[in-house]
Amino acid sequence: MIWESAPWKREIVRVASALHQRKSQKRWNEASSAKLEKEIFYSAFAVRKLLEAKKISDEMETRSIKAFRFPPTDRPADIMNWHRLNELYDLTRPSPCQLSLKNFCNQFIHSFVFQAVLNEEERGLA
């Protein structure tokens, strides 16, 4: 149980600021991709912990997060093909969806595959 939420919230703000700065990052190697995944995973976990400890306002807790869902193909992701997202999902057919904050966090916490999307024109995070 989280007793004092301020350190958790400060860390989330720090990571959000760092992610905003990294949006224009041009060079992505394995280390920077791994750091991105860790920061997003830890932040999602921290937000969920704060939600469960009732340390986030009711307004934030009930807010819907806009996202996109991509329909899966017939091939399920596994340890051998997880990197072939274009074969596992129809990336040409994004479908808008709404997720609760908790479900949004759970998508990162329980994800089998994590892949950053880079803006093709600017080469930064999309």
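Is Phe108 buried, partly exposed or exposed, and what is its relative accessibility? Keep that residue in view as you go through these points.

1. **What you are looking at.** A friendly reminder to begin with: this is a predicted model. The chain has a mean pLDDT of 90, and 95% of its residues reach 70 or more. Of the chain's elements, strand S2 (residues 95-100) has the highest mean pLDDT, 96, while helix H4 (residues 85-88) has the lowest, 91. A habit worth learning is that predicted coordinates should not be read in detail where pLDDT is low.

2. **The opening residue.** Phe108 has a relative accessibility of 24%, so Phe108 counts as partly exposed. Buried would need a value under 20%. Phe104 falls in the partly exposed class too, at 26% relative accessibility.

3. **Two rings on one helix.** Find helix H5 (residues 101-109), where you will see both Phe104 and Phe108. They are four residues apart, which is about one turn of the helix. Their ring centres are 5.2 Å apart and their planes meet at 80°, so this pair is edge-to-face. The cut-off behind that word is an angle over 60 degrees.

4. **A third member.** Now look for Phe114, which joins Phe104 and Phe108 in one aromatic cluster.

5. **Another aromatic pair.** How many aromatic pairs does a search of the whole structure find? There are three. One of them brings together Phe41 and Tyr42, with ring centres 5.8 Å apart and planes at 65°, so this pair is edge-to-face. As for accessibility, Phe41 is partly exposed, with a relative accessible area of 31%, whereas Tyr42 counts as exposed at 52%.

6. **The cysteines.** Why is the sulfur of Cys105 not bonded to the closest cysteine sulfur? That closest sulfur, in Cys97, is 14 Å away, so the two are too far apart for a bond. A disulfide would need the sulfur atoms within 2.5 Å. The structure accordingly holds zero disulfides, and Cys97 is in none, with Cys105 carrying its nearest cysteine sulfur.

7. **Where those cysteines sit.** Both residues can be checked against the cut-off for buried, which is under 20% relative accessible area. Cys97 has 13% relative accessibility, so Cys97 counts as buried. Cys105 has 4%, so Cys105 counts as buried as well.

Methods: Residues numbered from 1 in each chain as written. Predicted model: local features only at pLDDT ≥ 70, side-chain atom pairs only at ≥ 80, totals over all residues. Heavy atoms only, no water. Phe/Tyr/Trp six-rings, centres within 6.5 Å; stacked < 30°, edge-to-face > 60°. Buried < 20%, exposed > 50% of the residue type's maximum accessible area, 1.4 Å probe, protein only. pLDDT = per-residue confidence, 0-100.
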